[in-house]
Amino acid sequence: MSDEVGATKRTESGLVEHLCEHPGCTNWGAFGYACGQAAPNWYCFEHKIEWPPAKRS
């Protein structure tokens, strides 16, 4: 319920499927990454992005 005048009820519902965006991978993308207001990119466990980035020597 909303106290805002003219507010409408959200009608979209249901399961949203995210597949891994790594080329050739068809696994479930459980890890989503986005910068700012950008749409997230989704990756599976095998291809997830390491954060914070590992220090390479």
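Leaving aside neighbours within four places in sequence, which residues is Gly32 in contact with? Two names come up: Asn41 and Trp42. Keep that in mind while we go round this chain. One caution before that. This is a predicted model.

Start with the overall picture. The chain has 57 residues, and buried ones make up 9% of them. The secondary structure comes to 0 helices and 2 strands. The accessible surface is about 5,600 Å². Carbon and sulfur atoms hold 55% of that surface. Now the contacts with a separation of 6 or more. Residues 24 or more positions apart account for 8% of those.

Back to Gly32. This glycine is found in strand β1. Its relative accessibility is 38%, so Gly32 counts as partly exposed. Take its C-alpha atom and that of His18. They are 14 residues apart along the chain and separated by 8.7 Å. Now take Gly32 and Tyr43. Here the gap in sequence is 11 residues, and the C-alpha to C-alpha distance is 6.4 Å.

That brings us to Tyr43. Where is it found? In strand β2, residues 41-43. Is Tyr43 buried or exposed? Buried, because its relative accessibility is 16%, and the cut-off for buried is under 20%. What does Tyr43 touch, not counting residues up to four places away in sequence? The list runs Cys20, Glu21, His22, then Trp28, Gly29, Ala30, Phe31 and Tyr33, then Lys48 and Ile49.

Next, the rings. The count comes to 2 aromatic pairs. One is Phe31 with Phe45. Their ring centres are 6.3 Å apart and their planes sit at 45 degrees, so this pair is tilted. The pair links distant parts of the chain. Phe31 is in strand β1, residues 31-33, and Phe45 is in the segment after β2, 14 residues apart. How accessible are these two? Phe31 is partly exposed, at 28% relative accessible area. Phe45 counts as exposed, at 60%.

Then there is Tyr33 with Tyr43. That aromatic pair is tilted too, with 6.3 Å centre to centre and 45 degrees between the planes. Why does it tie parts of the chain together? Because Tyr33 lies in strand β1 and Tyr43 in strand β2, and those parts are 10 residues apart in sequence. Tyr33 itself is partly exposed, with a relative accessible area of 24%.

One more item on rings. Which residue lies over the face of Phe31? Lys48 does, at 5.0 Å from the ring centre. Lys48 is also one of the residues that Tyr43 touches. So is Phe31.

Last topic, the cysteines. How many disulfides are there? The count comes to 0. Look at Cys44. It is in no disulfide, and the nearest cysteine sulfur, that of Cys20, is 3.7 Å away. The cut-off for a disulfide is 2.5 Å between sulfur atoms, so a pair at that distance does not qualify. Cys44 is buried, with a relative accessible area of 3%. Cys35 is exposed, at 68%. And Cys20 has come up before: Tyr43 touches it.

To recap. Gly32 in strand β1 is in contact with Asn41 and Trp42. Tyr43 in strand β2 is buried and pairs with Tyr33. Phe31 pairs with Phe45, and Lys48 lies over the face of Phe31. The disulfide count is 0. That's the tour.

Definitions and conventions: Residues numbered from 1 in each chain as written. Predicted model: local features only at pLDDT ≥ 70, side-chain atom pairs only at ≥ 80, totals over all residues. Heavy atoms only, no water. Helix = DSSP H or I, 4+ residues; strand = E, 2+ residues; numbered from the N terminus. Buried < 20%, exposed > 50% of the residue type's maximum accessible area, 1.4 Å probe, protein only. Contact = heavy atoms within 4.5 Å. Phe/Tyr/Trp six-rings, centres within 6.5 Å; stacked < 30°, edge-to-face > 60°. Lys NZ or Arg CZ within 6 Å of the ring centre and 35° of its normal. Areas by Shrake-Rupley, 256 points an atom, 1.4 Å probe, with all protein chains shown as cover.
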